[in-house]
Every structure is written in C-alpha cells, then in structure tokens.
Amino acid sequence: ANPLACAVAACNYRRLLADPPDAPQQLQRFWMQALQPLGEHPRVKDVRIRGSIAAIEMDVPGGYLAEIGRAMRQTCLEHGVLLRPLGSVLYAMPPFCTSNASLQQIVNAMKAAVKRCG
C-alpha cells in the first residue's frame, strides 16, 4: 500500500467518524463558487463538480492523449500543487481535511493552468 494514500485514507476515516459527512457538500459549494466561472473561458469545454471532486476539461484535440496535460501539470507544480491531468482534463480530489488555504492554492493553480494553456 502507498503510505501517502493510507495516511490520507486514515485522516478521512477519522474525519467521517468525528463529523458526519457534510464535507462533500462544503467542498462542492467551494468548487462551484471558485471554479464554475471558468466555464466561460473560450478554451474550457466543461467544468464538472461532483461532491469533493472538481474537473476542468480543456477544449483541445487529442482527448485522453492530449499534450496539454503536461503543460497543465507543470503549471500546477510551479504553483506548489501536484495534480495529474488525464489528457485534457485537470482533476482535483482533495481529502475532506484539506484546509481552506490549501483549497485556495489548488484553485489558484488550476486557474493558472487554464490561463497558461488556454
């Protein structure tokens, strides 16, 4: 098992036991407010938000094998955030215990990736 994945899972499990799951709804509201406006960007094909998961799909050729993924990943790394795009789709799936400051850093990185690649 991956130690980082286990640590995240353990933290999420403790959070679920301590505080019934309103975190997915809170994260969803945060994503909607922070990322939904990116749907107006001319190179953004779709902004999908489901609970704690946010995805921004760029409107570029290549689908899953699109080269834009590398540029988006690099931009996020430059902003201190490790996200792994799947082709032209940039995903964020933070654990429930993610601080507001960290969530904002993720949003800033995602916006920078859209701006740089769009």
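A crossing is left-handed if the near helix is turned anticlockwise from the far one by less than a right angle, and right-handed if clockwise. Keep that in mind for the helix pairs below.

Before clicking: this is a predicted model, where local features need pLDDT of at least 70, side-chain atom pairs count only at pLDDT 80 or more, and totals for chains, interfaces and linings use all residues. Residues are numbered from 1 along each chain as its sequence is written, and side-chain values use heavy atoms, with hydrogens and water left out.

**Whole chain.** Start zoomed out, coloured by secondary structure. You have 4 helices and 3 strands, in the sequence pattern α-α-β-β-α-β-α. Helices (H or I, at least four residues) and strands (E, at least two) are DSSP runs, numbered from the N terminus. The C-alpha atoms fill a box of roughly 45 × 30 × 20 Å along the principal axes.

**The sheet.** Select 44-50 and 89-92 next: these are β1 and β3, the edge strands, each pairing on one side only. Add β2 and you have an open, antiparallel sheet in the order β1-β2-β3. Strands count as paired if DSSP finds at least two bridges between them; β1 and β2 (residues 53-58) share 6. Within that pair, look for R48 opposite A55 in β2.

**Across the sheet.** Now show 23-35. This is α2, which lies across β1, β2 and β3 and runs at about 160 degrees to β1. Axes here are lines fitted to C-alpha atoms, for helices over the stretch in contact, and angles run from 0 to 180 degrees between N-to-C directions.

**α2 with α4.** Bring in α4: the α2 and α4 axes come within 11 Å and cross at roughly 35 degrees, in a right-handed crossing. Show side chains for L27, F30, W31, A34 and L35 in α2, which meet L103, Q104, I106, V107, M110 and K111 in α4. Contact means heavy atoms within 4.5 Å.

**α3 with α4.** Finish on α3 (residues 68-78) and α4 (residues 100-117), packed at an angle of about 135 degrees with axes 8 Å apart. That makes them oblique, because angles under 35 degrees count as roughly parallel, over 145 as roughly antiparallel, 65 to 115 as roughly perpendicular and the rest as oblique. This crossing of α3 past α4 is right-handed. Select I68, A71, M72, Q74, T75, C76 and E78 on α3, then A109, M110, A112, A113, R116 and C117 on α4, to light up the contact.
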